[in-house]
Structures are given as C-alpha cells and as structure tokens.
2 protein chains.
Amino acid sequence: MTLTPGADLGPSQFPITRADLVRYAGASGDFNPIHWSERVATDVGLPGVLAHGMFTMALAGRALSSWLGPDDRLVSFGVRFSKPVVVPDDDAGVALEVTGVATEGEEGRVRVDLTVTVAGEKVLGQARAEVAPGA
Amino acid sequence: MTLTPGADLGPSQFPITRADLVRYAGASGDFNPIHWSERVATDVGLPGVLAHGMFTMALAGRALSSWLGPDDRLVSFGVRFSKPVVVPDDDAGVALEVTGVATEGEEGRVRVDLTVTVAGEKVLGQARAEVAPGA
C-alpha cells in the first residue's frame with residue numbers, strides 16, 4: 001500500500017500535556033522554561049506554558065508517517081508556526097488534530113497538505129510535505 | 001540582541017547516540033524499530049540504525065533557536081531529508097554540525113539558510129527558516 005493522490009488523510013489526534021513537554025525537553029535538549037514554567041511564561045507576557053514549536057511539528061510529522069506505506073519515503077517537510085499551542089496545567093492537556101490531503105506533486109512525488117488544529121484553530125500554517133511513493 | 005542579516009551562525013554541534021534515539025522515540029511516540037534495532041534496520045536493507053528525520057530536524061531547530069535574540073520569533077522552518085543519519089552502536093555516536101547564514105528576507109524578516117552535516121556530508125537539504133526580528 002502506498003500514499004495515493006486524492007486521498008483524504010486522518011484525522012490523527014494527539015493529546016499534549018505538560019508532562020509531554022517535559023519529556024520533549026529532555027529528548028530535544030530545549031529546556032527553555034516557557035515550555036514548563038507557568039511563572040516564567042506569564043512573566044514574559046505569554047498566556048501560559050507553550051508547547052515547543054518543533055514538538056507540534058514532530059506530532060504532525062508522526063501523523064504524516066502513519067499515513068505512508070512501508071516503502072514511501074518522506075522527502076521534505078515544512079511549516080509556519082502560526083499560532084502558539086498553550087498547554088493547560090491539568091491531566092487532559094490539549095488535543096492536537098492533524099488531517100491531510102494528498103495530491104500529485106512534482107516529479108512523481110505525492111504532495112501532502114496538512115491541517116493542524118487545536119480546538120478548531122490552526123496552529124501550523126502552510127504545513128506541506130512531499131513523499132516519494134514506494135512500490 | 002537580535003539576529004542580523006549578514007551574520008555567520010554556528011557552528012553548533014550535537015552528538016547523536018542510540019540512547020538519544022530511544023529518548024526521542026519516547027517523547028515523539030515514533031517507536032519504529034529502524035530507529036533502535038540493528039536487526040530490523042538491516043533486515044529491511046538499511047545500512048544500520050537511523051536517526052528519526054524529525055530528530056535531526058529538531059536539533060537543527062535547536063541550533064537555530066540558540067542563534068536568535070530573546071525577542072526574535074521563528075516564523076517558518078522547512079527541510080529536505082536528503083541523506084539518512086546512520087548512528088553506530090557505540091557511546092560516541094555521530095556528531096551533527098549545524099551552521100547558518102542570515103540574509104534579508106521578505107517583509108522585514110530574516111532568512112536563515114542552514115547547513116546540516118555529519119562527517120562533512122549534508123544530511124538535510126534546503127534547510128531554511130524565517131525569523132521575525134524582535135526589538
């Protein structure tokens with residue numbers, strides 16, 4: 001099975017809690033306190049603790065990977081960080097939802113346009129990937 | 001201090017070991033065994049255990065963040081996954097090196113072109129970001 005132009009992909013959902021941000025901090029090495037300290041985040045004028053932009057992007061990438069066939073290869077991926085993801089201080093956190101539309105891309109590749117939202121609001125803009133289809 | 005067009009950025013270096021990949025698997029939820037099992041990786045024809053593409057991208061993003069001033073904001077980021085990063089089964093792993101060149105972008109933004117290499121070979125292509133400069 002391979003990714004086919006015309007396919008509607010997802011939705012894939014990922015909860016994001018503050019614990020996930022702490023885990024991501026450890027793995028990525030990005031320990032900026034705006035991603036785990038309410039005090040620091042609000043002191044610098046943010047509405048609350050924010051998810052790392054690259055974590056949001058990684059989850060969108062994970063949805064994307066889950067839609068690929070075993071021999072499909074992700075060739076490129078790019079996003080705009082259009083709206084920060086504020087993560088509340090509770091066990092539920094927020095739900096990131098990712099959907100995609102596959103179309104014919106250049107040179108036999110498949111283009112995927114992703115829509116990445118939290119509570120219906122887009123958090124990534126111009127989220128696009130190219131996939132080299134396998135057999 | 002803010003990111004200024006004309007600046008040469010880096011080099012920033014990040015070691016990548018198999019333990020880092022296991023940590024990233026836990027944080028990202030991507031437990032594909034090609035990122036931790038030599039047996040599975042070689043069975044599917046790969047030269048060895050590969051770093052998650054999104055992890056390589058996250059480390060490039062971390063270098064990028066370290067070059068920004070406190071009020072600069074990362075607006076967009078995109079890469080091509082041009083060459084897989086093979087991570088050997090030892091304590092040293094590989095060293096990812098990231099450098100960047102800042103130039104004037106559109107609408108007052110700063111464009112950063114990143115060069116991301118392992119042992120002198122490019123592993124990400126067309127790695128580009130846009131930054132909205134702060135005060």
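Which residue follows α1(B), and what is the sign of its phi?

## The end of a helix

This is a predicted model. In it, Gly29(B) comes right after α1(B). The phi of Gly29(B) is positive, near 85°.

The helix itself covers residues 18-28 of chain B. Its buried residues are Arg18(B), Asp20(B), Leu21(B), Tyr24(B), Ala27(B) and Ser28(B). An α-helix has 3.6 residues a turn, so residues three or four places apart point the same way. What covers the buried residues of α1(B)? Both chains take part. The cover includes α1 and α3 of chain A, along with β1 (8-16) and α3 (53-67) of chain B.

## Where the chains meet

How many residues of chain A are in contact with chain B? There are 21, and they touch 21 residues of chain B. On the chain A side, α1 (18-28), α3 (53-67) and β2 (73-80) each supply at least two residues. β2(A) gives the most, with 7 residues. By kind, the chain A side divides into 9 nonpolar, 8 polar and 4 charged residues.

Strand meets strand here. β2(A) pairs with β2 of chain B, residues 73-80, in the antiparallel sense. The pairing runs over 5 bridges. In one of them, Gly78(A) has Gly78(B) as its bridge partner.

## Two copies, one axis

A turn of 180° lays chain A on chain B with an RMSD of 0.0 Å. The shift along the axis is 0.0 Å. That is the relation of a two-fold axis. In chain A, the C-alpha nearest this axis belongs to Gly78(A), 1.8 Å away. Both copies use the same surface: 100% of the contact residues of chain A recur in chain B.

## The nonpolar core

The largest nonpolar core holds 76 residues. Which of them touch the most other members? They are Ala60(A) and Ala60(B). Beyond residues up to four places away in sequence, Ala60(B) touches Val79(B), Val98(B), Leu114(B), Val116(B), Leu124(B) and Ala127(B).

## A buried strand residue

Leu96(A) sits in strand β3 of chain A, residues 94-104. Why is it called buried? Leu96(A) counts as buried because it has 23 C-beta neighbours inside 10 Å, and the cut-off is 20 or more.

Pro15(A) is 81 residues from Leu96(A) in sequence. In space, their C-alpha atoms are 6.1 Å apart. Apart from neighbours within four places in sequence, Leu96(A) is in contact with Gln13(A), Phe14(A), Ile16(A), Thr56(A), Leu59(A), Val116(A) and Val118(A).

Notes:
Residues numbered from 1 in each chain as written. Chains lettered and ligands numbered in written order. Predicted model: local features only at pLDDT ≥ 70, side-chain atom pairs only at ≥ 80, totals over all residues. Core = buried A, V, L, I, M, F, W, Y, C linked by C-beta atoms within 7 Å. Buried ≥ 20, exposed ≤ 12 C-beta atoms within 10 Å, placed from the backbone. Contact = placed C-beta atoms within 7 Å. Helix = DSSP H or I, 4+ residues; strand = E, 2+ residues; numbered from the N terminus. Nonpolar A, V, L, I, M, F, W, Y, C, P; charged D, E, K, R; others polar. Pairing = 2+ DSSP bridges. Least-squares fit on C-alpha atoms with pLDDT ≥ 70 in both.
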